[in-house]
Each structure stands twice: as C-alpha cells, then as structure tokens.
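Please follow the two chains through the model below, moving from single residues to strands, helices and cores.

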Amino acid sequence: MKYCGLFTCLVATFMAFTHENAFAYMDPGTGSVFVYILTSVCAALLFLGKSLFYRVGAGKRLSTRTTDSHQQITLFSEGKTYWFTFKPIIEALLERGQAFTYLTMDVEDPALAIEHPLMDNRYIWSGSAGFARACAVRTKVMLSTTPNIGTPGYPMPRPRHVETLAHVMHSVSGIDLYQRHAWDCYDAVLLANDTFRDTVRRLEKLRGLPEKELPALGVPYLDVLLPLAEKARRDAVPHQGTTVLVAPTWGELGTLGPCGDVVVPRLLEAGFTVIFRPHPQSYTSESEVIQNLESRFLHHHGVIWDREVDSTASMAAADVLVSDQSSVRQVFAFLFEKPVVTIQKPIPLDAFEISDLGEEPWHTAAAHRMGSVVPMDQLDDIVAHISQAREKSAADLAAFRETCLVNFGRAGSAVADWAIARCANETVLAGTAQKASA
Amino acid sequence: MNTLYLLIIAPLAQLYGIAYEICLSLTHNYGLALLCLSVLVTLIFIPLKRITMGMQNREKRLQEIMRPQIDKIKAESTGAERHHRITGLYRRYAYNPLYALRSSVGLMLQIPFLIGAYVMLSHYDPIQGHPFFLIRDLGRPDALLGGLNLLPFVMTGVNLVALYTTPSFTRRERIQGLAIAALFLVLLYSSPSALLVYWTANNVFMVLQNLLERSRRFAGIKCGEFLSARFRELPRQSVRAVLITIALIPIAIALGALLLKEGTLPESISHENPAYIFPAVIVTIVVFFAATFFITMNGYQLWFFIPWGISALFYLRSEGFVTIMPWDLQAFLCTLLVIPALLVLWHRFRPNRAEISFSELRRAAEAVFGDRGKTVYVVCVVTVGILWFLFCPTALYSSAPKSFEFPLDALFPYLGSWFVCWCLLAYLLWAVCPAFLRAFLPFLTALVSVILLANALVVLVNFGIIDGNQLGRRTAVSGWHFELDLLTFVAAVALLVVQQRFNATRLFIFGMVSLAMGLAASAFLMTYDPVNAAGRSQGELEALIQANPEGRFIAFSDEGTNSLLIVLDQFDSIGFEEHLERDPDLLERFAGFIWYPDTVAAGNCTLLSIPAMLGGYEYIPSAINRDRSRTRYDKVSEGIASLPNDFTRAGYDAVLMGGLVSGADIFSWVRRKLTHPESVHLARKFPPSLVAEWADRIGCPELAATDENDEVNLLLTIATFRVSPYWLKPRIYSDGKWMPDVQKWGMYKTLRESAMIGLLPDLSRVRSGRPTLTVLHSEVSHQEWYLPKESIVPVPNPGGENDPAIFLNQLSIRRRKQMYSEFHALTWLADFFDWMRENGVYDNTLIVVASDHNAFNFSGMGFFPPDDDRIRPGLAGSLRPSCLFMVKYPEQRGALATSLEPMTNTDTAAILRVALDGPPWTPPAMDQKRVRSHFMGHWGWASHPDNYYTGGEMLIHGNILDETGYEWNTNQNQ
C-alpha cells in the first residue's frame with residue numbers, strides 16, 4: 001500500500017511519454033491529492049475484500065447489526081457535553097444486562113469508544129442529518145437531554161416510532177427557565193425532585209395537554225461529579241485567606257464584562273485571591289472581551305486564570321463562588337457545600353415557560369438559599385455580599401440540596417431502572433392488548 | 001462522455017471565458033488579462049481551499065480519535081476477530097475507508113476547474129499572434145532559449161518552490177509532487193505560452209499564499225475575520241443615518257456621470273482606454289466616503305456605507321459599464337441596493353423600533369426563513385435554474401420546433417450545462433459570501449425567484465410572436481411597464497412576508513413549482529420525437545442531392561410544360577413598384593410576367609394562406625373550419641397535397657421544398673396524403689453544406705458556422721427575456737439584435753433562406769422526359785437583413801441614385817431591412833430566370849411568384865400602430881390584406897406587365913394547373929363562389945390541431961385600394 005503513490009507516479013510518467021497532449025494541468029499539490037485518492041480507493045477495496053472473505057467464512061456470527069433487544073431503549077445525545085449525564089445511565093444499564101442503543105451527534109463523544117455487545121452505539125452525524133436519523137428511530141423508550149423536540153421551529157420533530165419520549169434533567173432546575181413549550185411533546189420528564197412536579201402539571205392544565213409521566217429520579221450528572229469533587233477536595237492544598245471563584249456564563253444571560261470590569265477589581269482591592277474562570281464558549285463568542293480581560297488579569301499576581309476543562313480543582317480551592325445564571329452554582333453548592341453569590345441580571349422572561357406560569361422563577365429563590373444575590377447595580381458592594389453569603393453553613397446547603405434532589409449520587413441507576421421498568425410495562429401492555437384482540 | 005463534458009467542463013470553460021473577456025476589457029492586453037484571470041481564480045479558490053482544509057481537519061480529527069482504538073484492537077486480536085472489531089468501530093463512527101476521500105472532495109472539485117481552464121485557454125483563438133513581454137506569440141510555444149522553450153522550466157521551478165513552501169506537505173507528498181511537476185514539464189513542454197503564463201502565475205500566487213500562511217498572515221482568512229468582527233461590533237444606528245446614506249447615493253451617481261461625460265477627462269484617457277471608468281469610480285468612492293464622514297462625523301461608522309456605496313457605483317449604468325460588465329451582473333448588484341433599503345423601511349415601521357443596526361437587519365433577514373435559510377436558498381436556486389434554463393427554453397422550442405436546426409435532445413445537454421453553470425455560480429456565491437451578508441442571500445434569492453416566476457408564468461404582456469429574431473410587437477418592448485414591475489415586486493415581498501406566518505407551506509410552494517416545471521420539461525422531452533421534429537426532411541433532401549448529378553436536384557423538362565411556384569414569404573407588394581423603379585432591368589428580366597397589384601392574401605400569416613395557395617379556395621380557413629369530421633392537420637395537409645397529387649397523376653415529378661407551414665410537422669401529414677409518393681420529394685430544410693457554400697460565395701463564410709450553442713443561446717436569451725422584469729427587457733432585446741450569438745443564429749437562418757433562392761441556378765438542371773412541378777417556399781424576404789450589403793449585390797453606381805444603401809436609408813430601420821431583403825430576393829430570382837432562359841426552359845415553364853401575406857406590422861394578436869409613420873393605415877398601413885402575385889404563362893413574351901384584374905393568392909393552384917391543360921395558355925375560369933377574403937389571426941391560434949381560430953375575416957368587395965369596400969366578418973370561428 002505504501003508504494004501505491006509511487007507506483008501511480010511511475011504510471012503517470014510513463015503516460016506522459018506515450019501521450020502527446022495533456023488534457024488539463026495539475027499543480028503538484030493537486031497531483032498529490034490525486035495520488036492520495038487512488039491510494040484511498042485501493043485501501044477501501046482491500047478492506048471490502050477482507051470483509052467479504054470473513055463474511056463468507058464466519059457467516060452471521062460476526063454481524064454487528066442492531067438487534068431487536070437493542071431497540072428497547074435508546075439514549076439520544078446531542079454531543080459530548082452530555083457525556084456526564086449519560087455515563088451513569090450507561091453503566092447502570094450494562095450492569096443490569098440490558099441491551100440498548102446509544103445515538104450521538106458528536107463524533108468526539110466518549111461513549112463511542114465503548115465496545116460492548118449490549119450497547120449499540122453509533123454516531124449519527126451532526127446537524128440536520130443527525131436529527132433526521134434520530135427521528136427515524138424505532139424504540140420503546142428514548143432518553144434525551146435535548147428539550148424542545150417536537151416544538152415548532154426546532155429542527156427535530158417528535159420521532160413517530162418512539163413509544164415513550166423521556167427528558168433527562170442535566171441540571172437542578174424545574175421547567176420555569178426552559179423555552180416555552182419545551183416539554184410539550186414529551187411523554188415523560190425525569191425530574192430532579194417531586195417539588196418541580198406541580199409547575200409542570202399547571203402548565204399541562206393551562207394548555208390542555210395530556211398528563212405526562214413525571215417520576216422524580218434525580219440528576220445523573222451529579223453521580224459523576226460527586227466522586228470527582230471528593231477527590232478534588234482531598235487533593236486541595238490548604239490556603240490562607242479567602243479565595244473567590246468568579247465563573248460567569250456566556251451570551252446574553254452571562255456577565256463576563258461586568259465581572260471583569262467591576263467584580264474582580266473589587267475583590268482584588270479587598271485582598272481576596274481570585275480564580276477567574278470564563279465559560280469555554282466565551283473564548284469563541286466573546287473573544288474581544290476575553291482579550292481585554294486577559295491583558296488586565298492574566299499575569300496579575302492576585303488572579304489565577306483557569307482554562308482547565310475540569311473545574312473541580314478550582315471549586316475545591318475556592319471558598320465562595322460568584323456567578324450568574326450558570327448551573328455551576330448548583331455543583332458548587334451541592335457537591336462542595338460552599339456558598340454562592342449570584343449576580344442577578346434582568347432576564348427577559350417572554351421566551352421562557354415562566355412567562356405562562358406568572359410566578360417567580362425557582363432559580364431566584366434557590367439563589368437566596370445558596371448564598372446571597374447581588375443586583376447588577378450593586379456590584380460595587382460585592383465584598384459585602386460575599387460576607388453575607390458566607391453566613392450559610394455547609395449544613396444549610398446540604399439541607400437545601402435534600403429538598404432539591406432525590407437519588408443524590410445514584411440517579412443514573414434510578415433512571416436505568418425506570419427505563420427498564422417502562423419497557424417491561426409496555427411489553428406487558430402490548431401483550432395484553434394482543435390477547436384481548438385475539 | 002460528451003454529455004458529461006457538457007454538464008461539467010463546458011460550464012466551467014464558459015465561466016473562464018466570461019472572466020477572461022472581462023479581464024481583457026479592463027487591461028486591453030492579452031497577457032495582462034491572463035494574470036488578472038489568475039488573480040481572480042486564486043481569490044475564488046480561497047473559500048474552496050478553506051472548505052478543503054476544514055474537511056481535511058475533520059478527517060484528521062476522526063483519524064486521531066479512532067487511531068488509539070484501532071491500535072488497541074490490533075494489539076488484542078488477530079484475523080477475523082480483529083477485522084470484526086474494526087468493522088464495529090467503523091460502524092460506531094459511521095465511517096468507511098472510502099470516506100477518506102471526503103477530505104479530498106474540495107481538491108477533487110478543483111480538477112474540473114483545471115480542465116475547464118485548459119479547454120478555454122487552448123481553444124481561445126483570438127489570443128493567437130499577440131505578444132506579451134518577451135513572448136512573441138501567446139498562441140505558440142515561447143522558444144526563448146534559442147529554440148528551446150523557457151516557460152515550461154519557469155513553471156516547473158515555481159512548482160518546486162510551491163511544493164517546498166506548502167506547510168502541510170509530508171516528505172512523501174513532496175516526492176509525489178516532484179514526480180507530478182516533472183510529468184507536467186513533459187506534457188506541457190510544447191503548449192501555447194498563454195497556458196504556461198496562466199499556470200505559472202497561478203503557482204506564483206500559491207507560493208505567496210503559502211508564505212503568508214506560514215507567517216500567520218493569511219490574507220483571505222484574516223480579512224474575512226476582520227470584516228466579520230467589524231460588522232458584529234456595529235453599534236445601533238439611527239434610521240436618520242441610513243436615510244442620509246441613501247440620499248448620498250444620487251450625489252455619487254451625479255459625480256460618476258460627470259466624470260464619464262465626454263470631455264471631462266483628457267481624451268488620451270477616455271479614448272484610448274475604455275476602462276477609464278475605473279479611475280472615475282475610485283474618485284467617486286473617495287468622495288462618497290469623505291462626504292459621509294464629514295456629514296456624520298459624530299461617531300458614525302463608515303463600515304455602514306459599504307453595501308450602499310457599492311450598490312451606488314453599479315447604478316452608474318453608463319456606456320462604460322455596459323461594455324465592461326454583463327447586464328445581468330449589473331442588475332443583480334442593483335437589486336442589492338433595494339433589499340437593505342427595504343429591510344430598513346420594514347424595521348422603521350415596526351413598533352418600538354426607532355433604532356436599527358446591521359445585526360438587527362441581519363436578524364430580520366434571517367427571520368424570514370428561520371433556520372431553513374440554506375434550504376430555501378437551494379430550493380430557490382434550483383427553481384430559478386429549472387425555470388430559466390430548462391422550462392422556458394423547452395416551452396419555447398416546443399412552440400416552434402421547426403424553426404430550429406437541431407433537435408431538442410441535441411440541445412438539452414447544452415441547456416443542462418447552463419443549469420449546472422448556474423448552480424455552480426450559486427454555490428460559489430454562497431461559499432464566497434461573508435457570513436454577515438450570507439444571511440440576506442435566502443431572502444434575496446427567494447425574492448428574485450418569485451419575481452422571475454411571476455414574470456415567466458403570471459404577468460405576461462403580449463409581445464407578439466418572436467419572428468426571426470424580432471418580436472412582433474416591438475413597441476411593446478420599449479414601453480415601460482412600471483406598474484407591472486412594481487406590482488410584481490410588491491407582491492413578491494408581500495408573499496415572502498406572509499409566508500412567514502405559514503411555516504410549513506413556504507418550501508412546499510417553491511418545491512412544487514420547481515417540480516412541476518421540471519416535470520413539464522421532462523415530459524416534453526420524453527414525448528418528443530426528434531426525427532419528426534427536425535431530421536427526416538433534411539435527410540431526404542440530402543439523399544435527393546446525392547442522387548442527382550452534381551447535386552442538381554431541381555429538374556426542368558425541355559419537352560413538357562413545367563410548373564414552378566415560388567412563395568416569397570412576407571414579400572410586401574406595397575414596395576414592389578419601388579423595387580422596379582430602382583432597378584428597371586427587372587422589367588426585362590421578369591419578361592412574360594404579369595403583376596397583379598390588386599391581389600388579396602388569404603391570410604395574414606403563412607399558416608392561414610399556404611393551404612389555400614396550394615389547395616385552392618376550398619382550403620381557406622373558414623372552409624376548413626366547416627368540416628368538423630377531421631383534424632385541421634388532416635385538412636391542411638390534404639390541401640397542400642392536392643397540387644402534387646394532380647400533377648403526379650398527370651405524369652409529373654414534384655419537389656416541394658421549404659418550410660411551407662412552420663410550427664407543425666406538416667410534411668409527415670402531407671406524405672400520407674400523397675397518391676404517388678414515389679414521384680414527390682418533400683424537403684424542409686436546406687442542407688448545411690449548401691448553406692456553407694452559399695456563405696462562401698457571398699463572402700461571409702464565418703456566418704455559416706452554426707452549431708448547437710447558437711440555438712441554445714437564442715433559447716436562453718428569449719428565456720431570459722421572458723423571466724426578467726420589464727425594465728430589463730429592452731436591454732435584453734437590444735433592438736432585435738438580442739446578443740451577438742443570437743444574431744448569428746438569425747444570420748444562419750437568413751443564409752439558409754437566401755441560399756434557397758440564390759443557389760437555384762446551381763441546383764437546377766435540364767433534362768428530357770417527365771415535366772416537373774416545383775414548389776419553393778423561402779423566407780428570405782421575411783428575414784430582416786443583417787448581411788453586409790456589399791457582399792450580396794454589387795452596387796452598380798455606388799453612392800448614386802440607385803444605390804440600395806441610399807434609398808433604403810430613407811426608410812425606417814425595420815422597413816429598410818425588409819425592403820433590402822425583398823430587393824435581393826428579386827435580384828436572385830431574376831438571375832435564376834436568366835439561367836432558365838439560357839437553358840431553354842423559361843418559355844415552357846408556367847411560373848407563379850407570390851407571397852403568402854404582406855409585411856404589415858406583425859402583431860399576431862390584433863392590429864397595432866405601425867413602427868413606421870410613412871406606412872399609412874388601411875391598405876398601406878398596419879392592415880394590408882394584399883400580397884405579391886405574379887404569373888408567367890408558358891411562351892409569354894415582353895416586359896413585365898401589370899394587370900388590375902382582382903385576384904387572390906388562393907388562385908395560385910388553379911393557375912398552376914393550367915400547365916396540365918396545355919395551350920392555349922389563358923387564365924383559368926375562377927370558381928363562381930370565390931370571394932376575396934382575408935383572414936387575420938395569430939399563428940399560435942392558427943396552430944390549434946382541430947380548427948383555425950382567427951381574429952376575423954375581411955371581405956374585399958371592390959378594388960383593394962378602396963378601403964370603403966372592406967367588410968368585417970367576425971363570425972368565422974363557428
């Protein structure tokens with residue numbers, strides 16, 4: 001194979017001396033691609049030949065095709081971002097010997113590296129092609145972290161051949177800050193806690209929707225973060241003074257600019273050590289703001305600029321978190337049991353479910369329970385708010401966590417059990433229906 | 001393979017050709033134009049290279065992800081298990097070894113471009129003989145090293161530099177590149193210098209790109225990023241500022257116009273270099289931006305003006321721009337001005353939107369189609385492509401397949417090639433367009449496609465028939481249908497705004513329209529019989545020519561009495577006397593003829609007249625309509641066949657040649673009606689070899705070189721005319737000349753029709769035995785003349801009173817061309833009659849020279865004011881029911897005489913049959929029921945398969961010059 005390119009060149013050179021005219025001109029770069037194409041074709045043909053050879057020899061025993069049992073449960077992931085949500089569910093399903101299908105729209109999804117006969121894991125392409133493939137799935141239960149499936153304007157309509165479409169929570173929250181109609185087409189939503197059920201029911205009633213199944217099963221991604229947090233806590237180096245982690249989110253809900261302009265300077269003036277951790281997306285979407293902040297703080301002796309993928313080390317090192325609407329607040333409060341200062345940025349609520357409910361979002365109350373809340377026009381008083389937040393003890397935060405979460409640390413197993421039970425019930429129901437019709 | 005070539009390479013070669021012509025018009029130097037072309041192509045390839053790089057990176061990333069897993073599998077397993085596990089891995093990642101080719105798709109896309117460039121440059125004849133720098137002739141190898149060629153080595157040297165400066169190349173790729181460079185050194189050693197200059201320049205630019213990339217200053221990407229960032233940053237701008245900007249456009253236009261005015265710039269600039277407009281444009285830009293800066297100095301963003309500024313420049317639709325830039329590009333760029341202005345207004349009148357910004361405009365444009373913008377763009381591009389390049393040309397062809405030299409299945413690949421070209425351009429536009437402008441593309445494309453659809457299928461003003469290469473109602477073209485354009489535009493915008501509310505139907509509508517048009521074009525193609533449409537009659541004539549000595553297939557017997565009918569289509573009897581006055585010799589050369597000026601034509605178009613001319617009075621339209629038992633084709637073909645049937649029954653041989661009836665394959669019907677088909681030859685089109693011979697003889701050999709492209713260009717131009725807004729139509733029409741290629745097509749038809757008369761002496765012979773009936777139908781007098789006058793008829797007294805150029809110039813352009821054509825037809829006929837005399841067959845031949853109708857202002861749909869004021873209403877005006885009618889009985893002598901006997905051209909058949917009766921040669925007794933009537937209609941109406949649908953019948957009771965004797969009879973369709 002490795003001489004294929006050279007061979008092609010020799011053939012081409014021979015042709016050059018046997019033909020009088022060229023029919024086109026190729027620069028050496030294009031010519032190399034031409035050689036590469038020929039090499040790839042040869043490799044593909046070789047692989048095809050091998051496949052045929054082994055298929056004839058081994059028959060169906062070596063088939064890698066999806067079986068019926070794989071089609072009972074399907075996990076649909078939009079990308080590697082949700083790997084921590086699906087990982088505990090996958091592990092639980094494999095432990096229980098349950099076959100299932102895992103579809104992902106991200107070629108870098110770590111789940112694709114799993115090689116297990118019970119798991120039919122596949123990359124289904126990204127974008128519209130991925131959504132189209134996900135729509136064509138036939139399965140009893142589809143677990144997805146993606147909201148809005150079936151909502152007008154969203155690229156993915158509700159899959160017609162899915163009997164139960166279930167939403168798995170990937171943060172501790174209710175429905176209030178989801179986009180309007182985000183769950184309307186779902187048959188089940190696996191809530192973090194029973195307390196979130198009422199708001200969903202009220203919306204269903206308001207819109208005349210059938211009642212969906214709303215089991216409270218917890219938030220699986222915390223299952224993965226819990227051991228990581230414990231390890232980070234163990235590894236954390238004891239330090240002097242107060243360390244504040246400033247971690248704003250990105251986009252319209254985020255407060256990257258104000259955090260850099262006001263919060264960090266005030267904290268530094270107060271003698272705090274600051275760990276500054278912008279959202280990874282900010283490096284792309286708000287690159288100029290980032291450049292500006294880097295020029296000011298990257299080499300500042302009081303600021304530790306955190307660009308690590310894993311945030312647990314920073315969280316373990318920090319005493320207080322300053323953030324906005326980011327879900328990192330719950331991780332910090334629930335896993336590390338440390339207080340959070342929430343920057344309250346006015347959000348236009350028209351696009352969210354809360355606008356139909358006409359009540360205060362759960363997040364607003366939760367922010368107070370996790371520490372303190374600072375309005376945008378009082379950022380200069382951030383130090384005072386930090387002092388106020390630090391009045392919350394670890395016990396207070398643990399108690400608040402108990403009201404927000406069930407199955408803390410074992411939500412993945414609970415979700416897997418629910419999915420298996422749901423499949424079994426459906427099978428029984430289908431069987432009963434067949435008998436009745438017979 | 002040819003179809004593949006037409007669909008892939010030909011469109012690209014066309015694009016290269018257009019680009020090169022533009023470069024040439026800018027530089028006026030063939031070598032510099034090559035360098036310009038190279039820069040242009042390099043710039044266009046930047047996005048393609050970026051796509052390629054993106055694909056390669058994705059492929060590389062995938063390989064990186066899979067590589068450790070494959071290594072692990074290889075370490076843990078062997079044989080079938082290893083293969084099985086690797087297959088499983090590939091399946092998980094939706095991968096196939098062949099997908100490795102995906103990364104080279106971008107570069108593979110370049111290969112047709114490379115071939116296209118080769119095809120264009122190696123077939124571009126005008127470059128022959130032009131020097132550039134040290135090169136003496138760009139069309140030949142350079143031979144700069146004492147007979148050896150230098151450029152191939154320069155090209156190879158630059159190649160090697162490019163090879164070693166490309167950062168991503170591995171050692172193996174460099175070795176391969178080396179071999180390929182050597183390969184092309186051999187292959188291209190003897191190539192024309194132009195090719196080598198172009199590719200060397202390409203490689204130089206590649207080296208520059210590599211160097212820039214190496215120093216992380218890759219111009220294209222950085223520039224794009226820079227612009228995107230600037231547009232993202234744009235602060236909110238007030239509507240007032242936008243309006244000021246728009247108000248500045250007229251200033252820019254006025255300035256540009258002033259600079260372009262004759263005498264403003266020194267003659268050395270304006271006369272020697274037509275591209276002087278560009279300095280003017282640059283000055284305009286500078287002044288425009290300076291003005292905006294001073295007017296809105298207070299924090300105003302200059303970036304804001306760029307789209308408006310560019311649009312304003314293209315509003316300088318001066319002579320300079322017309323020559324430099326294709327009209328369609330101008331139109332497109334002008335439209336760009338309208339769209340942002342529209343969006344500005346839209347936002348202005350929305351509540352709570354006093355302020356606007358570019359990002360809001362962008363959001364507004366995006367909101368129209370939501371996240372389906374790209375799909376809408378694709379669907380609209382395909383819709384426009386099908387409409388413009390497939391549906392309209394097919395519909396046009398199917399309306400008159402006989403008018404074309406080539407069958408549609410031969411033209412279809414060429415149309416397909418244009419369709420591909422269009423899609424390619426649309427793709428390039430999408431790829432090159434920066435993100436902030438790309439948001440507007442779906443909106444713009446949808447708007448354009450709706451307007452085009454409306455113009456092609458809904459808002460149709462009657463332009464009359466497209467006859468030859470003139471529209472029947474030329475006046476309709478020059479009229480400015482502002483209300484229609486405005487209505488179409490407003491309706492299109494309204495449709496797009498309204499459709500926003502109906503999410504599901506927007507793609508559906510476009511999709512369905514596109515599908516319907518595609519199906520209509522395909523259905524026509526599938527049901528269309530190319531043999532019937534174009535080939536058979538021509539083939540038969542060729543066989544006939546081959547069967548006769550020296551190709552002289554028109555025979556005249558020196559024993560019996562021959563009959564000859566020459567139909568000069570649309571010969572206008574009104575000017576006949578003028579022709580005789582200009583060339584009095586014609587009186588003698590038409591010896592024995594009697595001219596009947598008081599002759600009524602059976603119809604105002606060929607289809608209404610010809611059946612009655614050949615079949616007699618019982619085949620006038622009303623008579624045909626009365627017989628409801630058969631189709632019109634049946635009846636018309638019976639009329640035409642009756643004349644050869646009578647003659648062949650009497651022992652004659654017959655030849656019928658020419659179109660006779662266009663718009664239908666009438667000859668296949670006539671053939672069925674023949675009682676002695678073995679004695680009759682039907683031949684519709686003159687063979688190309690004879691046309692070429694004729695073109696040679698009159699000194700215009702280049703005009704005979706017609707090919708499929710000429711006809712495709714005609715179809716496309718008329719399709720463009722059909723789909724375009726009304727303000728653009730006059731520019732496309734361009735006084736009937738359409739485009740040079742189309743004019744060439746028209747010229748071919750002119751040549752063919754003139755050859756039919758002009759070559760008569762060369763195609764005729766005298767023989768003994770069976771006498772003959774010959775019917776010739778030529779449209780030479782129908783074609784409006786474009787041939788150089790000197791090449792046709794030697795002027796006896798140049799500049800004198802009888803110089804055709806002098807007297808013809810006194811008439812309007814159209815009438816002048818008509819008269820010119822007629823004059824030539826008469827001259828050639830006289831030549832032919834001289835030949836007959838010399839060969840002793842003039843006296844024993846009964847000859848009728850007649851026209852089927854006059855050349856009145858051919859509206860086809862009714863009666864409109866004539867173009868020429870000198871042509872009066874009534875007999876000599878737009879309604880002129882007369883026609884040319886001349887008869888020469890056998891053995892008639894003396895100069896051409898005039899008879900005021902009332903005639904109709906439906907008498908033709910009866911007069912020709914006199915030859916069968918033998919002497920004495922007296923005019924036949926006419927049918928007592930014969931009424932002189934003239935039917936008016938449109939040939940489109942007349943071509944209905946069952947009956948004629950005419951606009952009315954004019955009964956002429958008295959002398960044709962007395963309009964009081966005219967009587968309308970509108971009750972003809974029953």
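**From a helix residue to the cores**

B:Ser642 is a residue of helix H28 of chain B, which spans residues 632-649. In this predicted model, the relative accessibility of B:Ser642 is 15%, and because the limit for a buried residue is under 20%, B:Ser642 counts as buried. Once residues up to four places away in sequence are set aside, B:Ser642 touches B:Leu614, B:Gly615 and B:Arg913.

The chain that holds this residue contains 40 helices and 19 strands, and 55% of its 974 residues count as buried. Among the contacts in chain B with a separation of 6 or more, 79% are between residues 24 or more positions apart. Chain B exposes about 40600 Å², of which carbon and sulfur atoms supply 62%.

Chain B also contains an open sheet of 3 strands, with the order E17-E18-E19 and antiparallel pairing. Strand E17 (933-936) and strand E19 (966-969) of chain B stand at the edges of this sheet with a single partner strand each, so one side of each has no neighbour in the sheet. From one strand to the next, the twist averages 25 degrees. The antiparallel strands E17(B) and E18(B), the latter made of residues 952-956, are joined by 4 bridges, and B:Met936 has B:Gly952 in E18(B) as its bridge partner.

Chain A can be read in the same way. Chain A has 16 helices and 12 strands, and buried residues make up 50% of its 438 residues. Of the contacts in chain A with a separation of 6 or more, 69% come from residues 24 or more positions apart. The exposed area of chain A is about 20600 Å², and carbon and sulfur atoms supply 56% of it.

A useful place to enter chain A is A:His70, which lies in the loop between helix H2 (28-58) and strand E1. A:His70 is buried, with a relative accessible area of 8%. Its C-alpha atom is separated by 4.9 Å from that of A:Ala99, although the two residues are 29 residues apart along the chain. With neighbours within four places in sequence left aside, the contacts of A:His70 are A:Ala99, A:Phe100, A:Thr101, A:Pro117, A:Leu118, A:Met119 and A:Asp120.

What becomes of the two faces of E1(A), covered or uncovered? Both are covered, with A:Ile73, A:Leu75 and A:Ser77 buried on one side and A:Thr74 and A:Phe76 buried on the other. Since 5 of the 5 residues of E1(A) are buried, this strand is largely enclosed by the rest of the structure. E1(A) pairs in the parallel sense with strand E2 (residues 100-104) of chain A over 4 bridges, and the bridge partner of A:Leu75 in E2(A) is A:Tyr102.

Strand E1 of chain A, residues 73-77, is also joined by 4 bridges to E4(A), and these two strands run parallel. Here A:Ile73 stands opposite A:Val141, while A:Leu75 has A:Leu143 as its bridge partner. In strand E4 of chain A (residues 139-144), 6 of the 6 residues are buried, so this strand too is largely enclosed by the rest of the structure. E4(A) in turn pairs with strand E5 (residues 162-168) of chain A in the parallel sense over 5 bridges, with A:Ser144 standing opposite A:His167 in E5(A).

Helix H13 of chain A, residues 362-370, has A:Trp362, A:His363, A:Ala366, A:Ala367 and A:Met370 as buried residues. Viewed down the axis of H13(A), these buried residues fall within an arc of 130 degrees, so they line one face of the helix. An α-helix has 3.6 residues a turn, so residues three or four places apart point the same way. The cover over the buried residues of H13(A) includes helix H11 (328-335), strand E11 (340-344), strand E12 (371-375) and helix H15 (394-404) of chain A.

The nonpolar cores complete the picture. The largest nonpolar core has 59 residues, and those with the most contacts inside it are A:Phe76, A:Val172, A:Trp183, A:Val219, A:Leu222, A:Leu335 and A:Leu405. Leaving out residues up to four places away in sequence, A:Leu222 touches A:Val172, A:Val331, A:Leu335, A:Leu405 and A:Phe408. A second, separate core of 52 residues includes B:Leu544, B:Phe576, B:Leu763 and B:Ala830.

Key
Residues numbered from 1 in each chain as written. Chains lettered and ligands numbered in written order. Predicted model: local features only at pLDDT ≥ 70, side-chain atom pairs only at ≥ 80, totals over all residues. Heavy atoms only, no water. Buried < 20%, exposed > 50% of the residue type's maximum accessible area, 1.4 Å probe, protein only. Contact = heavy atoms within 4.5 Å. Areas by Shrake-Rupley, 256 points an atom, 1.4 Å probe, with all protein chains shown as cover. Pairing = 2+ DSSP bridges. Axes fitted to C-alpha atoms, helices over the stretch in contact; angles between N-to-C directions. Arc of directions from axis to C-beta. Core = buried A, V, L, I, M, F, W, Y, C linked by side-chain atoms within 4.5 Å.
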